[in-house]
Amino acid sequence: MLTRYQALMIKNGLVVCLLGLIGGFGLLFSVLGVISLSPVPIMIDYQIPGTPAQWRAVHVGNIMNGLMAILFALLMVKLELTNKARKFICYGTIATVWGNAAFYIFGILAPNRGLSLSDNPVGEGNWAGVVAFGPAFIFAFVLMIIVIVMLRGVVGRDD
């Protein structure tokens, strides 16, 4: 039986994985330069925003982040952690995977690729860059703290 925190992490992880799977269609359409679901004989001449590399990040990055949330959820109960630490890991991981999802998606709409809050060498800043960069930057540090908390909970026994 899953704990409440595990269930929350797994549900959010699965939804972010689903977002990544849907992003695979963005990758397909970006590479093709049209919207087409072969063998369905419909082709819409529309170039979606972003590059294939950005859509690959949406696809693979969200799947990996979703799997990370699921892995952390399953691993968390094997570690010696306080309830406060479990709660922090749960909500911190959920916020991280959604912050990263925002980074991948809104980075496509940002001329600066969401790599800063303002102009940078790859492009100008805009609202999408702020939405992409802000949460991802903050939660990158939260995730590092989560990993350190989990590392501290790894305690082996002498056999």
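**A ring cluster, a buried asparagine and a nonpolar patch**

Phe-137 and Phe-141 sit four residues apart in helix α4, which puts about one turn of the helix between them. The model described here is a predicted one, and these two residues make a handy place to start looking at it. A pair of aromatic rings is described by the distance of the centres and the angle of the planes. For Phe-137 and Phe-141, the ring centres are 5.2 Å apart and the planes meet at 80°, so this pair is edge-to-face; the angle has to be over 60 degrees for that label.

Going the other way along the helix, Phe-137 has another partner. Phe-133 and Phe-137 are also four residues apart in helix α4, which covers residues 127–152, and so about one helical turn separates them. This time the rings are stacked, with 5.1 Å from centre to centre and 25° between the planes. Stacked pairs need planes under 30 degrees apart. Taken together, the ring pairs tie Phe-133, Phe-137 and Phe-141 into a cluster. In the structure as a whole there are six aromatic pairs.

How buried or exposed are the phenylalanines Phe-137 and Phe-141? Phe-137 has a relative accessible area of 43%, so it counts as partly exposed. Phe-141, at 46%, is partly exposed too. The partly exposed class runs between the 20% limit for buried and the 50% limit for exposed.

Now for a polar residue, Asn-65, which belongs to helix α2 (residues 52–76). Its relative accessibility is just 8%, and therefore Asn-65 counts as buried. What does the side chain of Asn-65 make a polar contact with? The partner is the side chain of Asn-100, at 2.9 Å. Leaving aside residues up to four places away in sequence, Asn-65 touches Val-16, Val-97, Asn-100 and Tyr-104. Asn-100 thus turns up both as a residue that Asn-65 touches and as its polar partner.

Out on the surface there is a nonpolar patch of about 730 Å². Its members are Phe-25, Leu-28, Leu-32, Leu-37, Val-40, Ile-42, Ile-44 and Tyr-46. Which helix gives the largest share of the patch? That is helix α1, spanning residues 4–32, with three residues. Leu-28, one of the patch members, is found in helix α1. With 33% relative accessibility, Leu-28 counts as partly exposed. A patch residue needs over 30% relative accessible area, so Leu-28 at 33% meets that requirement.

Methods:
Residues numbered from 1 in each chain as written. Predicted model: local features only at pLDDT ≥ 70, side-chain atom pairs only at ≥ 80, totals over all residues. Heavy atoms only, no water. Helix = DSSP H or I, 4+ residues; strand = E, 2+ residues; numbered from the N terminus. Buried < 20%, exposed > 50% of the residue type's maximum accessible area, 1.4 Å probe, protein only. Polar contact = N/O pair within 3.5 Å; in protein donor to acceptor, adjacent residues only side chain to side chain. Contact = heavy atoms within 4.5 Å. Phe/Tyr/Trp six-rings, centres within 6.5 Å; stacked < 30°, edge-to-face > 60°. Patch = residues over 30% accessible without salt bridge, like charges linked within 9 Å, V, L, I, M, F, W, Y side chains within 5 Å. Areas by Shrake-Rupley, 256 points an atom, 1.4 Å probe, with all protein chains shown as cover. Salt bridge = Lys/Arg side-chain N within 4 Å of Asp/Glu carboxyl O.
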